Amino acid sequence: MGFDKRSKAKTHVPQDGDTLDSIAERETAAGNRLTWQNIARFNWGTDDPEVIDEFMRDQMGCYERGEDKRFVFSADIASEEPLLIPRPFQRSGHRLEAVHTLSVRRLAEPPDQFEACCKVSGPTFEFDKSFVRPSVVDDLEAVQAEVANHPDAKILIMGHTDKVGRKAYNKALSERRARSVRAFITNDVDTWVELADDPREQWGIREAQMILKDMGEDEPRYDPGKVDGINGPLTRAAVREFQTDNPPLAVDGQYGPNTRRVLYEKYMSGKHDIEIEADRFMNPPEEGFMGCGERNPLMRINDERDADGREADEADTEERCEENRRVTVFLFSEDRLPRLPCGIADTAPCEKRVTPPARLHNSTFTCSYYDSLARYCSCEGGRT
């Protein structure tokens with residue numbers, strides 16, 4: 001059966017629980033014989049269920065899942081483009097005894113959306129911090145390799161936390177972690193200075209000691225001794241040696257703003273340096289990064305909360321779990337970028353997408369959107 005051109009198609013009005021199959025059944029009952037495959041190919045050029053699921057999420061704005069774990073329509077979705085329902089080809093004004101030429105345009109198969117992913121793992125972050133520790137080197141080399149292997153892909157960095165603390169606070173912390181990693185791999189010293197001065201972070205002597213100790217593996221004069229956050233004689237001596245090697249810094253052993261900036265710069269551009277240009281990133285609300293907060297743990301320990309989102313007994317009833325303090329780096333086709341429903345410092349979009357775990361692909365995640373991104377990502381428990 002042929003179908004009329006798109007300008008003559010009918011616009012679907014979303015209903016709760018609608019699927020392409022249920023739409024096709026209604027249309028067929030009304031005399032417009034359709035299959036779900038007809039609708040899918042007419043709109044997106046494919047009838048691959050997994051690719052359709054991505055279009056349902058990105059173009060249609062679907063966020064609820066059906067029993068088969070695939071996205072279904074909701075009456076309140078905000079779609080970028082409406083779903084079009086094809087109509088049978090109507091013969092009008094054509095003489096039967098004449099020869100007519102009909103041109104048919106078939107939509108091209110869409111490219112794969114997901115290209116690769118890698119993880120900047122839990123040991124990279126201390127509790128309640130976004131500072132990238134020296135243990136990052138292996139993970140960042142993997143990031144650089146994947147980016148090189150997919151030269152046209154766009155990068156999205158997603159940050160995560162463990163469950164200690166309030167949900168809104170953890171959302172902001174996860175954003176800072178994603179932003180910190182993005183700054184590190186683009187040598188953005190200004191962002192690190194801003195994060196260091198954030199009253200929620202307050203990077204100081206301890207972070208300087210970690211950097212100097214890492215540098216001290218190659219230059220023993222920089223070794224500050226124990227990483228304890230105390231500005232003792234060994235730390236001051238290490239700072240003085242660093243200042244001596246980096247004029248025009250004043251050689252006074254004091255860890256002031258100028259020394260801090262140069263230390264960050266040398267840390268980013270030294271042995272952990274990777275070369276990724278800023279234009280390789282997607283441009284969601286904040287240029288290629290977003291935070292998921294505590295919504296998508298790799299390990300679930302304790303999920304009991306009171307009405308205000310605090311831990312049940314005000315103590316750390318949820319253990320501090322480094323495995324969940326991570327950043328995930330996704331690479332997507334620049335021709336089919338996902339549409340992020342998330343907001344910076346806004347948990348409302350997250351609440352809307354919380355789905356019963358039984359309908360997700362990863363049982364420890366709670367966000368239906370992130371789960372759909374990570375289902376192909378082996379470092380997030382998915383498949384590639």
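## Helix α5 and what follows

N187 has a positive phi of about 55 degrees, just after α5. The model is predicted.

Helix α5 covers residues 167-185. At 1.5 Å a residue, its 19 residues should span 27 Å, and the end C-alpha atoms are 27 Å apart, so expectation and model agree. Of those 19 residues, 15 are buried, so the rest of the structure largely encloses α5.

## Aromatic pairs

The count of aromatic pairs comes to 15. One of them joins F184 and W192. Their ring centres lie 5.6 Å apart, with 50 degrees between the planes, and the pair is tilted. Both F184 and W192 are buried.

F330 and Y370 make an edge-to-face pair, because their planes stand at 75 degrees, over the 60 needed. The centres of these two rings are 5.8 Å apart. This pair links distant parts of the chain, 40 residues apart. F330 belongs to strand β8 (residues 327-332), and Y370 to helix α11 (residues 368-374).

How accessible is F330? Its relative accessibility is 0%, so F330 counts as buried. Y370 is also buried, with a relative accessible area of 1%.

## An aromatic cluster

F184 and W192 appear again in one aromatic cluster. The other members are F131, W203, Y264 and Y267.

## Charges over rings

Which ring does R320 lie over? R320 sits over the face of F127, 3.7 Å from the ring centre. R336 places its charged end over the ring of F55, at 4.4 Å from the centre.

Notes: Residues numbered from 1 in each chain as written. Predicted model: local features only at pLDDT ≥ 70, side-chain atom pairs only at ≥ 80, totals over all residues. Heavy atoms only, no water. Helix = DSSP H or I, 4+ residues; strand = E, 2+ residues; numbered from the N terminus. Expected span 1.5 Å × (residues − 1). Buried < 20%, exposed > 50% of the residue type's maximum accessible area, 1.4 Å probe, protein only. Phe/Tyr/Trp six-rings, centres within 6.5 Å; stacked < 30°, edge-to-face > 60°. Lys NZ or Arg CZ within 6 Å of the ring centre and 35° of its normal.
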